[in-house]
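Q: Please take me through a close look at one small part of this structure, and then show me how the rest of it is put together. I'm new to this, so keep it relaxed.

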Number of protein chains: 2
Amino acid sequence: MSIIKASVCTIGDEILIGQIVDTNSSMISRALGERGIKTSRMVSIADSRSDIIGTLSNELNNNDIVICTGGLGPTKDDITKDALAELSGSHKYVRNDEQEAIVHQILHARGLDVLDINLRQAMVPDTCEVIINHRGTAPIMAFCFDKSRFGHDAVLYAMPGVPYETEAALPDVISHISRHFSSEPIFHRTLMTYGIAESALSKQIEQWEDGLPSDMHLAYLPNPLTGVRLRLSVYGAGDDAQRRVSEQIEALKPLLGDYLYSDSDDTLEGTIGRLLRGTGRTLSAAESCTGGEIAHLITTVPGSSGYFLGSVTSYAPEVKQKVLGVPAETIENNGIVSSAVAEAMAEGVRKLTGSTFSVATTGWADAYGDDREPAGTVWVGVSGPAGTCSRRFQYKADRKRNIERFSASALNFLRLQILKYDLSVK
Amino acid sequence: MSIIKASVCTIGDEILIGQIVDTNSSMISRALGERGIKTSRMVSIADSRSDIIGTLSNELNNNDIVICTGGLGPTKDDITKDALAELSGSHKYVRNDEQEAIVHQILHARGLDVLDINLRQAMVPDTCEVIINHRGTAPIMAFCFDKSRFGHDAVLYAMPGVPYETEAALPDVISHISRHFSSEPIFHRTLMTYGIAESALSKQIEQWEDGLPSDMHLAYLPNPLTGVRLRLSVYGAGDDAQRRVSEQIEALKPLLGDYLYSDSDDTLEGTIGRLLRGTGRTLSAAESCTGGEIAHLITTVPGSSGYFLGSVTSYAPEVKQKVLGVPAETIENNGIVSSAVAEAMAEGVRKLTGSTFSVATTGWADAYGDDREPAGTVWVGVSGPAGTCSRRFQYKADRKRNIERFSASALNFLRLQILKYDLSVK
């Protein structure tokens with residue numbers, strides 16, 4: 001079976017002037033890669049009719065599949081659709097009723113009038129096949145070309161450029177591709193770790209990695225907020241790929257210990273949800289330096305209302321005292337960023353909400369600290385049925401990244417304390 | 001003076017498989033744009049000799065400047081330098097002493113031995129001019145081609161792919177470009193709007209847009225979280241470009257009314273900071289469905305500790321009652337997602353923290369609602385010295401995006417109420 005080649009093209013002046021970073025291309029190439037399709041090139045071009053037609057024709061000449069995103073909006077600077085009509089030899093636009101119904105729905109939901117330019121979104125060149133866009137007004141268009149045009153069968157997909165819409169429509173595009181092209185699957189499994197550096201991790205699992213069969217490949221994907229993701233892949237995988245990968249994964253797990261938090265692609269906050277959901281146990285949070293980020297992460301998990309009671313962001317010291325009941329002396333004697341304050345905050349919010357567990361943060365996210373703790377320090381407190389404890393973490397990034405890292409460290413510390421408690425009562 | 005055209009090429013398998021997102025291209029195109037050089041294309045290609053030579057030749061055919069990054073490392077998969085030697089007709093490598101000294105320095109600082117493959121980094125094809133890389137071992141190479149090769153003068157720059165090194169070397173590359181090409185600058189101005197859809201906005205300013213001089217271009221950049229960004233540009237701008245753009249911007253502003261929140265590139269939370277900072281006025285928040293996202297956004301603004309006192313995330317109804325003092329009857333009579341509850345939450349947290357203003361949210365972020373309000377509904381309450389008010393917003397996304405949109409709508413509603421109050425006391 002020969003390798004299917006794809007090109008990913010992003011269209012939009014905002015990319016070329018560097019105003020936005022293109023994240024669609026990597027999202028699309030990852031999805032193609034999972035189906036064994038190789039991305040040969042990525043190209044970004046301006047909202048220019050001649051550039052669009054010239055580039056897409058060239059990419060279609062050299063690839064089996066071309067996926068372009070962007071330039072499908074309703075305003076004058078969005079010209080991709082007209083360029084595609086020309087490229088595919090269409091002289092007529094036709095209405096797609098299903099997409100038009102979605103245009104009405106979306107605008108009504110936003111309380112907006114449906115204008116002519118909105119309805120035009122549901123009109124497509126008669127040379128394309130429509131894949132419905134459920135999250136936006138512009139449908140996805142698939143143009144199939146036979147050998148007479150580019151010397152080989154080729155399909156061009158035009159997707160909207162808003163990443164939220166691209167992401168949602170991608171599975172439908174991949175299914176469409178699977179129906180047109182057959183490729184050998186790649187089989188992946190992912191493990192999530194937190195709290196160990198890539199280099200230390202690679203040393204810890206060196207022997208296991210050296211013993212992997214030659215058709216399996218391990219990738220390390222480090223991320224400061226989610227930890228190091230390990231992905232084990234088999235290319236051109238046969239029927240037994242799933243079993244063979246699972247066996248390797250089961251051998252790897254004990255080597256990872258507490259660092260391992262998910263053997264699927266879950267997040268730290270999702271893992272905490274898994275530990276609490278359906279157990280009748282609840283959670284609350286008290287945040288100072290993280291300013292709401294921890295509560296935000298926890299509540300992005302569907303079903304979090306079943307265990308998350310609420311949180312207090314106590315930016316001002318008076319809120320720490322008045323709402324959370326942290327004694328003024330505790331702050332004065334230990335400093336606002338201290339083990340004692342983190343623990344008092346955790347106990348305060350646990351009492352206030354009546355939750356089973358609570359997590360609290362106090363730290364210096366900015367470029368300054370005080371005479372007790374330097375910039376980039378956070379104290380995390382966790383309170384639960386077995387008592388209260390705290391731990392200090394230290395980072396050296398800017399305000400925004402410190403807040404994100406503090407939050408990830410706090411969630412992981414909370415996860416470890418819940419695990420410890422679960423072991424103690426078993 | 002004609003416009004100088006550039007192409008930015010990134011080289012590396014890790015980009016094409018979607019393992020990393022390319023941020024170099026946007027960084028480079030922004031730097032070029034500031035010098036009035038237009039990026040016509042961005043291309044990402046694999047570590048393949050034929051792809052590198054083919055693509056770079058093609059880009060040099062169509063552009064004055066080509067900047068490529070990546071593939072200059074010491075390992076076997078980095079083959080850019082050999083490909084460039086072939087492309088430029090070099091048969092000989094020469095040592096650059098200054099770069100070799102840096103190779104020694106860098107490896108010594110890391111406590112590593114200097115190997116042959118490291119020293120090879122300081123060897124370059126004799127067809128190039130070297131720009132020293134102070135942060136890494138691989139020098140930047142500049143290849144100048146005269147008209148005989150591509151029909152016009154063209155320069156190819158090869159830069160390292162590590163963003164930290166690319167960023168540091170970029171000013172030297174830009175100076176080199178400035179010595180070879182003279183270009184007229186591009187002048188941009190950005191306006192931020194919220195609360196009006198792209199299509200409605202384009203209708204509202206149609207007459208103004210139609211009257212723009214032919215050398216000015218308006219781009220609409222919609223984003224569900226920050227609203228529609230409007231960017232007005234003049235290419236090949238003369239000395240009066242800044243004045244001419246400013247005149248157009250001043251004519252546009254009144255047409256945008258309250259939708260306009262920033263005439264620079266600020267965020268909604270940054271704009272609120274601007275309204276409060278240094279005025280002695282303070283802010284608090286009470287969040288239900290947004291789960292901490294509003295507090296998080298507010299506290300990402302540097303200096304927010306000067307006006308933000310804190311917030312309560314009241315996920316459980318008991319927290320709404322106990323901490324925020326929302327009467328049980330208010331919830332029972334009106335529903336948990338209601339104007340009355342949003343207003344009571346805003347008043348509750350304002351009283352609790354003693355802040356000047358407060359903002360509160362209660363809504364259904366998930367796929368379900370109740371018999372009073374459907375999924376995707378949020379009620380936002382704002383309380384301040386002039387009283388309390390509320391407004392309803394409706395979206396139709398998934399949980400995560402609903403939370404983000406609810407938060408943006410709440411921040412904008414808060415902004416409008418602060419503005420209204422400021423007008424009333426003037």
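A: **A close look at one leucine, then outwards**

B:Leu201 is buried, because 21 other C-beta atoms lie within 10 Å, and 20 or more is what it takes to count as buried. Keep in mind that this is a predicted model. You'll find B:Leu201 in helix H9 of chain B, which covers residues 198–204.

Who does B:Leu201 touch, once residues up to four places away in sequence are left out? The list is B:Thr193, B:Ile196 and B:Val228. Look at B:Val228 in particular: 27 residues separate it from B:Leu201 in sequence, yet their C-alpha atoms are 8.5 Å apart in space.

Now slide one place back along the chain. B:Ala200 belongs to helix H9 of chain B too. Is B:Ala200 buried or partly exposed? It comes out as partly exposed, because it has 18 other C-beta atoms within 10 Å, and a buried residue needs 20 or more. Distance along the chain can also play out another way: B:Ala200 and B:Leu170 are 30 residues apart along the chain, and 40 Å lie between their C-alpha atoms.

**A helix with two sides**

Stay in chain B and find helix H5, residues 97–109. Its 13 residues reach 18 Å from the first C-alpha to the last, close to the 18 Å expected at 1.5 Å a residue. The buried residues of H5(B) are B:Gln99, B:Ile102 and B:Val103. If you look down the axis of H5(B), those buried residues fall within an arc of 105°, so they line one face of the helix. Here's a handy rule: an α-helix has 3.6 residues a turn, so residues three or four places apart point the same way.

On the other side of H5(B), the exposed residues are B:Asp97, B:Glu98, B:Ala101 and B:His108. And what covers the buried ones? The cover includes helix H6 (116–119) and strand S6 (129–131) of chain B. After H5(B) comes B:Gly111, with a positive phi near 70°.

Chain A has a helix H5 at residues 97–109 as well. There, the buried residues are A:Gln99, A:Ile102, A:Val103 and A:Ile106. Down the axis of H5(A), they fall within an arc of 105°, so they line one face of the helix. The face turned away from that buried side carries the exposed residues A:Asp97 and A:Ala101. For packing partners, the buried residues of H5(A) have helix H6 (116–119) and strand S6 (129–131) of chain A. Just after H5(A), A:Gly111 takes a positive phi of about 70°.

**Strands, and a link between chains**

Strands of a sheet pair through backbone hydrogen bonds, either parallel or antiparallel. Strand S2 of chain A (residues 38–45) gives you both kinds of pairing. With strand S1 (residues 5–11) of chain A, S2(A) pairs in the parallel sense over 7 bridges; A:Lys5 has A:Lys38 in S2(A) as its bridge partner. With strand S2 (residues 38–45) of chain B, S2(A) pairs in the antiparallel sense over 5 bridges. In that pairing, A:Ser44 has B:Met42 as its bridge partner. Of the 8 residues in S2(A), 7 are buried, so this strand is largely enclosed by the rest of the structure.

Chain A also has an open sheet of 4 strands, in the order S10-S11-S9-S12, with antiparallel pairing. Strands S10 (216–223) and S12 (260–262) of chain A stand at the edges with a single partner strand each, so one side of each has no neighbour in the sheet. From one strand to the next, the twist averages 30°. S10(A) pairs with strand S11 (residues 227–234) of chain A over 8 bridges in the antiparallel sense, and A:Met216 stands opposite A:Val234 in S11(A). Helix H11 (residues 241–256) of chain A lies across S9 (187–193), S10, S11 and S12, running at about 15° to S9(A).

**Zooming right out**

Chain A has 17 helices and 17 strands, and 47% of its 426 residues count as buried. It is divided into domain 1 (5–180), domain 2 (187–262) and domain 3 (268–425). The centres of domain 1 and domain 3 of chain A, taken over C-alpha atoms, are 44 Å apart. Along the principal axes, the C-alpha atoms of chain A fill a box of roughly 80 × 60 × 40 Å.

Notes
Residues are numbered from 1 along each chain as its sequence is written. Chains are lettered from A and ligands numbered from 1 in the order in which they are written. This is a predicted model: local features need pLDDT of at least 70, side-chain atom pairs count only at pLDDT 80 or more; totals for chains, interfaces and linings use all residues. Two strands pair if DSSP finds at least two bridges between them. Axes are lines fitted to C-alpha atoms, for helices over the stretch in contact, and angles run from 0 to 180 degrees between N-to-C directions. Two residues are in contact if their C-beta atoms, placed from the backbone, lie within 7 Å. Domain bounds come from an automatic or database domain assignment. The expected span of a helix is 1.5 Å times one less than its number of residues. A residue is buried if 20 or more other C-beta atoms lie within 10 Å of its own, exposed if 12 or fewer, and partly exposed in between; C-beta atoms are placed from the backbone. The arc is that of the directions from the helix axis to the C-beta atoms.
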